[in-house]
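Hi there,

Here is the structure I promised to pass on to you. Have a look at it first, and then read on for my notes.

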Amino acid sequence: MESTGAQLLMGLLLSGGVFLGIALGIAVLFWTPISREEGRRRQTPPPGWWTRTKQALQSVAARAVHLLRGRLPAAAAPLSQAVRHPARLVVLGFAAAVLLGAGLLSLPFATTTGDRAPIMTAVFTATSAVCVTGLVVVDTASYWSVFGEIVILLLIQVGGFGIMTLASMLGLLVARRLRIRLQLGTQAETKALGIGELRRIVLGVLRISLLVELLVTILLAWRFADGYGHAWPRATYLGLFHAVSAFNNAGFALYPDSLVRFVGDPIICLPIAAAIIVGGLGFPVLFELRRELRTPRRWSIHTKITVGMTVTLLSGGWLAISAAEWTNKATLGPLGVADKLLAGFVTAVMPRTAGFNSLDVAQMRDVTLLIHDVLMFIGGGSAGTAGGIKVTTFAVLGFVILAEIRGEPSVHALGRRLPAGVQRQALTIALLGVAAIAVSTLALLALTPFRLDVVLFETVSAFATVGLSTGITAQVGTAGHVILCLLMFIGRLGPITAVTALALRERTRRYERPEERPVVG
């Protein structure tokens, strides 16, 4: 099927309508209607069209919820029980988005040939997009039609913005108030510190996302049109796709070699790198920087750690990768000094969980792949579009080790004492991440003929939702694809969220047993 304007419009309308309808449905199901008394107080002036529309939606939603609860109590009971826990609600939201995306990508007109995509191809691509990873088993531009690309783009946006955050935003627009259960779900997803902050956080996430993606789209569209001869509609589409993919740390590209052909073009590479860095900081940090950018002393410990670790990892990765690949004839070797520095910086940014690459990853040296493994596992900032165990987790573990070496009874960082619960959570996330990667690596080594270094690179990339690959993704077989899908899903939700969602029940210990110290080390 040719990529026509009609197909683009159909993809936008169908995909956008389905996704917004589901998110609106989530918001409506958990929405508490406004009372009639309150409605009368608010209707002192003559109601406008938006007020009348809201009232109609509220009436329809109330009747639909009453009907469902009255006639389908038995069928609704398991779902109601499942979503009582916020972590389970987040998992269900992401799983529903993956299934919906896979269904849309399985339609005949989602591919360029007009044939249905194999179910594993559709599921893998949808999982990679919703989990903002970027690993692919087929070339995005040549295999998927414009409709398929639009579905992938919307999946990336929904996955980066967050299912519960999107539902909360629609709930705010329709009802201007949220039910407590949906607020808890969004709090679990955005790592909000308090339920009262959710309204500000949701709308702030929307504003930041649209602003960054719009700015990067404009820069890229101008460059694609002016520097590479694309017509403005095509240039705008290319700019929008890569801007959304970059800010959400997804790494999907519409070129088979990703950004390799633009390795020496700073107007293409730097805006994409900047969007990746901003998206990888995490929304809480962006909110605080917007308020306190000129007064670093007033930053919270979370912002100080995130910004400090980001600068450290970017600088260290830039130097290490540039040094390792400086004389490699297959990567940095043939480039000039300025292009080497640019490519080295962009390559250091990508392991922050964005799957773009301006150098051929398969031709990198073993030491460079190991550097990537470390950077990918650490990841970016919490409560954002980045993956990995997060820079704050890595920093907390470092502070714990430092305190133990010094023999201090408590852990302190940047003039603050770290709670024991935070230390335990950091250790749990790191160990669960190591366990997931180790088990998956062993499984892929048993199922495929590839070497340990490339298999380890693939599993770390999937778990950290990076999307970089040495080129073996399409060759690991169906079982390997299932393993990578699970890794991406766990990596996007976070090990603790995934494990908590699977817990059958919560237990509160009502007593403590006698203490005894084992021999450690």
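Let me begin with T465, which is buried, at a relative accessible area of 1%. That residue sits in the loop that links α20 (452–463) to α21 (477–493). Its phi is positive, near 50 degrees, and T465 is not a glycine. For background, most residues other than glycine have a negative phi.

Before going further, please keep in mind that this is a predicted model. The average pLDDT for the protein is 82, and 74% of the residues reach at least 70. Two stretches call for caution. Over residues 28–43 the pLDDT stays under 50, and the model has 29 contacts beyond four places in sequence for them. Over residues 169–177 the pLDDT also stays under 50, with 32 such contacts in the model.

**The overall picture**

The protein has 22 helices and two strands. Of its 521 residues, 50% count as buried. Taking contacts between residues at least 6 apart in sequence, 71% of them join residues at least 24 apart.

**Around T465: three loops**

Next to T465 in the sequence comes V466, also found in the loop between α20 and α21. V466 is buried, with a relative accessible area of 0%. Leaving out residues up to four places away in sequence, V466 touches T133, A250, M350, P351, T353, A354, G355, M376 and S461.

One of those partners, T353, deserves a closer look. V466 and T353 are 113 residues apart in sequence, yet their C-alpha atoms are 3.7 Å apart in space. T353 belongs to the loop between α16 (337–349) and α17 (366–378), and T353 counts as buried because its relative accessibility is 0%. Beyond its neighbours within four places in sequence, T353 is in contact with V132, N249, G379, T385, A386, G387, G388, A464, T465 and V466. T353 also lies 8.2 Å from G251, C-alpha to C-alpha, with their positions 102 residues apart in sequence.

V132 brings in a third loop, the one between α6 (119–130) and α7 (140–143). Like T465, V132 has a positive phi without being a glycine; for V132 the value is near 45 degrees. Is V132 buried or exposed? V132 is buried, with a relative accessible area of 0%.

**The nonpolar cores**

The largest nonpolar core holds 109 residues, and the members that touch the most others are F124, I152, I156, F224, I272, I276 and F356. In general, nonpolar side chains tend to be buried together in soluble globular proteins. Leaving aside its neighbours within four places in sequence, I156 is in contact with A129, V132, V244, S245, N248, A250 and F252, and V132 there is the buried loop residue described above. Apart from this core lies another, of ten residues, including I305, M309, I378 and A395.

**How some helices meet**

Three of those ten-residue core members turn up where two helices meet. Helix α15 (residues 301–325) and helix α18 (residues 391–406) pack with their axes 9 Å apart, at an angle of about 95 degrees. That angle makes α15 roughly perpendicular to α18. On the α15 side the contact involves H302, I305, T306, M309 and L313, and on the α18 side V391, T392, F394, A395 and F399. By class, these residues are seven nonpolar, three polar and no charged.

α12 and helix α13 (residues 266–281) pack at an angle of about 35 degrees, their axes being 7 Å apart. Here H242, A246 and F247 in α12 meet I272, A275, I276, V278 and G279 in α13. Six nonpolar, two polar and no charged residues make up this contact. I272 and I276 were also named above for the largest core.

Just before α12 there is A231, in the loop between α11 (198–228) and α12 (232–247). A231 is partly exposed, with a relative accessible area of 48%. A231 and A221 are ten residues apart in sequence and 9.6 Å apart in space, C-alpha to C-alpha.

Finally, helix α14 (residues 283–292) is mostly covered, as seven of its ten residues are buried. The buried ones are F283, V285, L286, F287, E288, L289 and E292.

Best wishes

Note on methods:
Residues numbered from 1 in each chain as written. Predicted model: local features only at pLDDT ≥ 70, side-chain atom pairs only at ≥ 80, totals over all residues. Heavy atoms only, no water. pLDDT = per-residue confidence, 0-100. Contact = heavy atoms within 4.5 Å. Helix = DSSP H or I, 4+ residues; strand = E, 2+ residues; numbered from the N terminus. Buried < 20%, exposed > 50% of the residue type's maximum accessible area, 1.4 Å probe, protein only. Core = buried A, V, L, I, M, F, W, Y, C linked by side-chain atoms within 4.5 Å. Axes fitted to C-alpha atoms, helices over the stretch in contact; angles between N-to-C directions. Parallel < 35°, antiparallel > 145°, perpendicular 65-115°, else oblique. Nonpolar A, V, L, I, M, F, W, Y, C, P; charged D, E, K, R; others polar.
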